[in-house]
Amino acid sequence: MNHLNSNKRYSLAFHGKGWDYFKVIIVNYILTILTFGLYYPWAKAADLKYLYSQTSLEGSRFVFSGTGKEMFKGFIKAFGIFILLYVILFASIKLQYPGVGLTIFYAGLFLLMPFAIHGSYKYRMSRSSWRGIRFGYRGDLKELIKMMFKGYFFSIFTFGIYIFWFEKNLMNFYINNLEIKDKNNQKINFKSNIRGSKWLFISITNLLIIIFTFGLGFAWAMTRTLNFIISNIELTGNIDLDNIQQTEQEYKNAMGEDTADALDMDFIV
Amino acid sequence: MAFYNTTGIYFDGKSSLPQEVKLMFNPQTQLLYIQNGFYHRFEWKLTDIEVSQNGEMLSIIRKDHPEESITIQDAHFAQHFYQFKNVGWYQKLLNQSKAFYLGLTTVFIGFLLVSYFFIIPYIGEKSIEIIPESYDQELGELAYQEMISEEEIDQNKTKILGEFVKELKFSSSKPLKFTIVKSDEVNAFALPNGDIVIFTGILKKMNSYEELVALIGHEATHVHHRHSMKMLGRKLSGYIFISTILGDANGVVTAIGENAHALHSLSYSRHYEEDADNGAFNTLKINKVNPKGMVNLFKTIDNKDDSIIPEFISTHPITKNRISNTEKLIKENPYPFVENTKLHQLFLSLKK
């Protein structure tokens with residue numbers, strides 16, 4: 001029997017290969033362009049499915065069971081919200097109060113982000129499983145909002161340099177709030193060891209790879225990044241890895257997932 | 001027909017306990033028999049399950065209860081199994097070779113390039129034809145008000161120029177209005193609504209009325225052929241295309257894309273300038289004015305800067321090329337021309 005004691009840790013492994021991921025990406029890209037963007041939710045689903053299926057814990061792969069259809073509904077809702085914000089902006093310009101419109105527009109976007117990200121994490125985790133067991137996400141929205149506003153503030157003041165630490169904080173927030181719960185309320189927790197400086201290095205070298213390969217090297221940059229992330233995650237807990245009993249409920253609303261994308265937050269994990 | 005046997009790992013969806021199971025697939029009944037331990041036996045219909053491939057691994061999950069799954073590491077069994085249960089078009093696509101993907105990527109990149117350099121600009125320009133010319137009017141007037149507010153008009157010279165223009169014939173889809181502005185700039189420009197502005201700087205440098213006719217013809221052609229609007233259409237359509245292609249790319253990549261596009265847009269601008277030069281020649285021809293005037297105009301406005309700025313980042317073709325093109329036009333289209341004393345007199349008044 002395998003035991004997970006408080007002082008025993010299991011690591012994850014990532015098996016994705018550049019070429020295999022490239023195939024997924026190029027198909028996604030071509031179909032998205034040919035459908036003028038409509039294919040995007042399905043592309044997202046295919047992308048996550050691949051990345052999950054290449055991540056393993058104790059030899060068993062993770063499974064992402066979200067679908068393009070679910071995310072498409074979210075896509076439409078997110079699109080609706082953007083149209084609304086733009087309409088308010090243009091109306092205010094026509095009515096000669098551009099300042100009001102701009103304020104509402106940007107405030108709307110900044111406020112929308114934490115909600116979108118939070119919803120996105122919840123949705124994703126409700127569609128994540130390992131050996132048939134669903135994941136749990138216990139992130140606190142208020143804490144996330146605080147963290148994001150701190151992030152906006154410092155990013156502006158450091159002319160963008162803080163962005164890497166901001167991204168690292170978001171990823172760590174996500175990872176550290178993941179858990180696999182047992183029927184008897186015992187838990188396995190995830191812990192991230194990703195440092196801002198390391199993340200900065202990876203991001204910049206990735207950017208160079210992408211630029212110098214005219215974008216074609218994206219798949220390799222991503223698999224490299226995922227290897228880095230996965231090797232920096234630890235699992236700790238005090239229950240038997242072979243004896244976890246199912247509990248979480250469904251979470252159908254996919255909107256969080258798509259609003260987050262539209263606002264250009266790249267969720268690596 | 002033979003049965004296919006193998007072993008796998010089964011997860012019942014209630015706990016994470018891996019259970020080793022024996023599997024048997026009967027192609028005739030389309031049933032998968034599963035034996036778990038000594039006592040537990042159950043069967044799954046092919047229609048109740050979904051299969052997915054992960055490298056060498058075959059995953060089987062129940063459609064109605066996807067937490068329940070079986071993983072099989074037997075490639076041999078998998079091959080047989082796929083004959084009866086499809087992995088779907090997507091997986092089949094992903095199974096294609098590297099060569100297939102290299103080919104696909106090349107073809108698609110080719111498609112994007114052809115679109116950017118030919119299809120999109122063509123659409124951009126053609127779509128301008130849908131926009132009514134009344135819009136040119138509005139846009140031009142707005143631009144004129146904006147520019148004129150910062151300049152000083154030479155009212156007297158403007159009047160004289162008006163009389164000068166009255167003596168000339170040109171094809172124009174809209175009435176042209178000429179203004180002379182006091183400035184040392186050696187320049188002139190045309191707006192979509194027919195407003196043409198000429199700076200005193202360029203007037204001072206000219207030596208003959210033929211040069212002025214050439215300049216007027218050049219600017220009038222810009223208006224007549226809706227160059228400003230077409231330029232806008234091309235630039236915008238290209239920009240939208242680039243944004244779509246780069247999608248969620250980060251700031252650096254976007255900036256590179258936009259700058260590359262801006263650079264490329266300059267080449268359209270040079271094309272329109274050539275077109276306007278041809279139009280200028282026609283104006284000279286229709287009005288029986290000496291075409292040498294056009295060559296002299298280029299010599300007049302030429303300055304040393306031209307040799308420093310390489311053509312590809314300039315909005316105009318370099319003067320040397322414009323002169324040689326004009327000389328070619330003169331050689332291939334000889335026509336009789338006369339000296340126009342009235343134009344000459346008016347030109348002298350403008351030079352004062």
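Reader: What makes B:R234 and B:E125 a salt bridge?

Author: In this predicted model, the closest N and O atoms of B:R234 and B:E125 are 2.7 Å apart. The cut-off is 4 Å between a side-chain nitrogen of Lys or Arg and a carboxyl oxygen of Asp or Glu. The distance of 2.7 Å is within 4 Å, so the pair is called a salt bridge.

Reader: Why is the pair said to tie together parts that are 109 residues apart in sequence?

Author: B:R234 lies in helix α8 of chain B and B:E125 in helix α3 (residues 98–128) of chain B, so the salt bridge joins parts separated by 109 residues in sequence. Over all chains, the structure holds 16 salt bridges.

Reader: How do you know that a salt bridge crosses the interface of chain A and chain B?

Author: The rule finds one there. The side chains of A:R134 and B:E67 meet with 3.0 Å from N to O. That value is within the 4 Å limit, so the pair counts as a salt bridge. Across the interface of chain A and chain B there are also six residue pairs in polar contact, both residues being at pLDDT 80 or more.

Reader: Which elements of chain A give two or more residues to the side that touches chain B?

Author: They are α1 (18–34), α2 (40–53), β4 (60–64), β6 (133–134) and α7 (196–212) of chain A. The largest share, 12 residues, comes from α1(A). By class, this side of chain A has 19 nonpolar, eight polar and seven charged residues.

Reader: What makes a residue part of the contact, and how many does each chain give?

Author: Contact requires heavy atoms within 4.5 Å. The contact takes 34 residues from chain A and 31 residues from chain B. Chain A and chain B bury about 2,700 Å² between them, and 67% of that is on carbon and sulfur atoms. In chain A, the residues that lose the most area to chain B are A:W19, A:K23 and A:R131, together 21% of what that side buries.

Reader: Why is the space beside B:D136 and B:K174 called a cavity?

Author: B:D136 and B:K174 are among the residues that line the second largest cavity. The space is called a cavity because a 1.4 Å probe fits there but cannot get out. About 40 Å³ of space lies in this second largest cavity, and the count of cavities of 30 Å³ or more comes to two. The elements giving two or more residues to the lining of the second largest cavity are α7 (209–224) and α8 (227–246) of chain B. The lining residues divide into four nonpolar, three polar and three charged.

Key: Residues are numbered from 1 along each chain as its sequence is written. Chains are lettered from A and ligands numbered from 1 in the order in which they are written. This is a predicted model: local features need pLDDT of at least 70, side-chain atom pairs count only at pLDDT 80 or more; totals for chains, interfaces and linings use all residues. Side-chain values use heavy atoms; hydrogens and water are left out. On a 1 Å grid over the protein atoms alone, a cavity is a set of points where a 1.4 Å probe fits but cannot get out, and a pocket is an open set with protein on both sides within 12 Å along at least five of seven lines; lining residues have an atom within 4 Å of a point. Grid points are joined across faces, edges and corners, and a volume is the space filled by probe spheres set on the points. Helices (H or I, at least four residues) and strands (E, at least two) are DSSP runs, numbered from the N terminus. Ala, Val, Leu, Ile, Met, Phe, Trp, Tyr, Cys and Pro count as nonpolar, Asp, Glu, Lys and Arg as charged, and the others, Gly among them, as polar. Buried area is the accessible area (1.4 Å probe) that two parts lose on being put together, summed over both. A polar contact is a pair of N or O atoms within 3.5 Å; within protein, one must be able to donate a hydrogen and the other to accept it, and residues adjacent in sequence count only if both atoms are side-chain atoms.
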